[in-house]
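I opened this entry to record, step by step, what I looked up in one structure. I began with the surroundings of one side chain and worked outward from there.

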Amino acid sequence: ALGYVDTGDWVSYSKSVLNVPFSGKYRFSYRVASLKGGASLTLKEIGTNTILDTVTIPSTGGWQNWQTVEREVELSEGEQTFNLLANIGGVNINWIQIQPVAVPTSLMVQAENYTKMSGVVNETTSDIGGGKNVGYFDTGDWMSYDNAILDVPNAGSYKVTYRLASNKNLVKFELYDLDTGAIIDTVPVPNTAGWQAWIDFERTIRLPVGKKRFGIRSINGSVNLNWFKFEPINNAGNVISDIYIPASSASSSSSIPAAISSSSSSSPAVVSSSSSSKAVSSSISSSSAASSQPVAGPVGLSWIPPDKRENGEFLDIADLGGYEIRFKKTTETKYTYISINDPWTNTYNFEWLEGNYVFQIAAFDKNGVYSPFIDIQRQ
């Protein structure tokens, strides 16, 4: 612990770099002790010399009677280092912990699960995963999704992926805010050369803070929609829910990492080159460190449905919405996504794959909240 922190004393954490994964509010937890209280500490960002916060320390009743004081601080995305200055002394400091107040989450919406519509027809899809898609989505038709709510804790960018197919040119539709009517994005639909020739079409949008509900309206032409998905991204274009940094504390000689978790967690899975096999334990890993698997032939995936959330609470399988598999060759930059909207399904088979592939899986609950993606390991 840092002791004898008196007026004018300061501590620099210039070698303890915090890589802030997204802009927003972060919780600074100070583990402190003070006999009389009244100490005042100022937190500064070293690079810009910006004052981020001033915290007053209460009396804890003794120099070794420890108490955690929490403050919310607005941080910008990117690398941050900090100084701590004692405006008024009289405090001991054991550690500082930094965690996001709220982590942006993803939302996946099956196009046929609208609450209201005009002009569209649900039809059986031949897309991967089966089920239904919305068809006959023509000029002036619309769909609203009152029960699909995306909670945006910090204003930021989102990647929207539309699973769509169209056999026409110059087709456009609008994504709009269901509550305000404001148009969020106008989507130019590519001709996929068939009404069941499905592709993932990605757009980037900016959303303000708040709970968001959405509608989709056709401007002209026709398109089929299977599903669409919102994923928060940072300035580098990385999906925030893919970033996993373990919670940690900091003293004057250690790092000060942020902690990120989602509200549900998926079980690890395994991959085999000819048949599926039993899942084994594995820790969550960042997609940036994904491991590749050499395969040649039929590939089978299997996994065990998760039975608890990351906070340790019991997770009933009835609360799960399903799973999402993503895969790509190591030479490719984008993943192909496969949605499995049945929580009881625990296998998936590819008829044939050849090359070095990255396989990952995530679970999502019925509210569309995703776990982090985890690597699927060979057995």
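**Entry 1: around Met143.** I listed the contacts of Met143 in this predicted model, leaving aside its neighbours within four places in sequence, and found Ala111, Tyr114, Lys116, Met117, Val120, Val134, Phe137, Tyr176, Gly215, Ile216 and Leu225. I then asked which residues touch the most other members of the largest nonpolar core. That core has 30 residues, and the ones I noted are Phe137, Met143, Tyr162, Phe173, Ile216, Leu225 and Phe230. Strand S15, residues 142-152, gives this core its largest share, which is five residues. Apart from this core I found another one, of 25 residues, and I wrote down Tyr26, Ile57, Leu84 and Ile240 as being among them. I kept one general remark beside this entry: in soluble globular proteins, nonpolar side chains tend to be buried together.

**Entry 2: positive phi values.** I reminded myself that most residues other than glycine have a negative phi. I therefore looked for residues that depart from this tendency. Asn49 is not a glycine, yet its phi is positive, at about 60°. Where does Asn49 lie? I placed Asn49 in the loop between strand S5 (39-45) and strand S6 (50-57). Its relative accessible area is 48%, so I entered Asn49 as partly exposed, since the exposed class begins only over 50%. Ala193 also has a positive phi, near 70°, and is a residue other than glycine. I found Ala193 in the loop between strand S18 (183-189) and strand S19 (199-207). Ala193 counts as exposed because its relative accessibility is 62%.

**Entry 3: the hairpin that holds Asn49.** I went back to S5 and S6, which run antiparallel and are joined by seven bridges. The two strands form a hairpin with four residues between them, and Asn49 is in the turn. Across the pair, I noted that Glu45 stands opposite Thr50 in S6.

**Entry 4: enclosed space.** How many cavities of 30 Å³ or more are there? I counted three, and the largest cavity holds about 70 Å³ of space. Its lining consists of Gln110, Asp127, Ile128, Gly129, Gly130, Arg163, Asn226, Trp227, Tyr337, Ile338, Ser339 and Asn341. I sorted these lining residues into four nonpolar, six polar and two charged. Strand S21 (223-233) and strand S26 (336-340) each supply at least two residues of this lining, and S26 gives the most, with three residues.

Definitions and conventions:
Residues numbered from 1 in each chain as written. Predicted model: local features only at pLDDT ≥ 70, side-chain atom pairs only at ≥ 80, totals over all residues. Heavy atoms only, no water. Core = buried A, V, L, I, M, F, W, Y, C linked by side-chain atoms within 4.5 Å. Buried < 20%, exposed > 50% of the residue type's maximum accessible area, 1.4 Å probe, protein only. Contact = heavy atoms within 4.5 Å. Pairing = 2+ DSSP bridges. 1 Å grid on protein atoms, 1.4 Å probe; cavity = no way out; pocket = protein on both sides within 12 Å on 5 of 7 lines; lining within 4 Å. Points joined across faces, edges and corners; volume = space filled by probe spheres on them. Nonpolar A, V, L, I, M, F, W, Y, C, P; charged D, E, K, R; others polar.
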